[in-house]
Amino acid sequence: MTAPVVSSPALEEVLARAGELIDRWRDEDCGTPTVKDFCRYAAALNDGEYIRRARALEADGRPVEAPALFLAATMSWEDGPPEDELRPDGLARRESPCTEGLPVRQVHGGQSVRLVRPPVAGARITATRAVVSARHKHGRSGEFVLLGVRTRFLSPDGSELTAVDETIVVLDATGGDR
């Protein structure tokens, strides 16, 4: 069976760019989260029990582990882009691999999270991220590209803490096929 022909020049370019980036891992220093960082996340979830327990461990001088989804839920370790730097679909450039300058729209197509072990306050974390797949598809509303992006959060010794696999659906924004 042959692969269907890509009729959208924008999607064809996304596939070409993705082909250049697949399995090229890029590291990001996430810094060293503190108990305060963990507690602020827990407060956003209204998890007062976590905060009480974490502060008690900290007061006793014992290690404090992050809430389970702390790493996966932190979209970025930077301040984030100003609104005028967001793409028309509301995504930041770093969240839009292979699409810079192309007339495309994107939607999040799903996420899976693998929790290996929680990070501990005071330990440096590195995130390494790569495009891992790119597939051209046809659906009822036309053609699109599915980009697979994996982010692995690592401890200072290089062991994996959490891995997040995301699917990004890229659609032609020009209104259709050639």
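Contact here means heavy atoms within 4.5 Å. On that basis, 68% of the contacts in the protein between residues at least 6 apart in sequence join residues at least 24 apart. The structure is a predicted model. The protein contains four helices and five strands. Along the sequence, these elements follow the order α-β-α-α-α-β-β-β-β. The C-alpha atoms occupy a box of roughly 65 × 30 × 25 Å along the principal axes. Of the 178 residues, 37% count as buried.

Two of the helices, α2 and α3, form a packed pair. Helix α2 spans residues 35-44, and helix α3 spans residues 48-59. Their axes lie 9 Å apart and make an angle of about 165°. Angles over 145 degrees count as roughly antiparallel, and α2 is therefore roughly antiparallel to α3. The crossing of the two helices is left-handed.

The contact between α2 and α3 draws on residues from both helices. On the α2 side, the participants are Val 35, Lys 36, Phe 38, Cys 39, Ala 42 and Ala 43. On the α3 side, they are Tyr 50, Ile 51, Ala 54, Arg 55 and Glu 58. By class, this contact comprises eight nonpolar and three charged residues, with no polar residues. Lys 36 of α2 is among the residues that take part, as are Arg 55 and Glu 58 of α3.

Helix α3 was also examined for its length. Its 12 residues reach 16 Å from the first C-alpha to the last. This span is close to the 16 Å expected at 1.5 Å a residue. After α3 comes Gly 61, with a positive phi near 75°.

Ahead of α2, attention falls on a proline. Pro 33 sits in the loop between β1 (residues 26-31) and α2. Its relative accessibility is 3%. Buried means under 20% relative accessible area, so Pro 33 counts as buried. Leaving aside residues up to four places away in sequence, Pro 33 touches Phe 38, Phe 70, Ala 121, Gly 122, Ala 123 and Ile 125. One of these, Ile 125, is 92 residues from Pro 33 in sequence. In space, the C-alpha atoms of Pro 33 and Ile 125 are 7.9 Å apart. Another of the residues touched, Phe 38, belongs to α2 and meets α3. Phe 38 thus appears in two settings: the surroundings of Pro 33 and the contact of α2 with α3.

How values were computed
Residues are numbered from 1 along each chain as its sequence is written. This is a predicted model: local features need pLDDT of at least 70, side-chain atom pairs count only at pLDDT 80 or more; totals for chains, interfaces and linings use all residues. Side-chain values use heavy atoms; hydrogens and water are left out. Axes are lines fitted to C-alpha atoms, for helices over the stretch in contact, and angles run from 0 to 180 degrees between N-to-C directions. Angles under 35 degrees count as roughly parallel, over 145 as roughly antiparallel, 65 to 115 as roughly perpendicular and the rest as oblique. A crossing is left-handed if the near helix is turned anticlockwise from the far one by less than a right angle, and right-handed if clockwise. Ala, Val, Leu, Ile, Met, Phe, Trp, Tyr, Cys and Pro count as nonpolar, Asp, Glu, Lys and Arg as charged, and the others, Gly among them, as polar. The expected span of a helix is 1.5 Å times one less than its number of residues. Buried means under 20% relative accessible area, exposed over 50%, partly exposed in between (1.4 Å probe, protein chains only).
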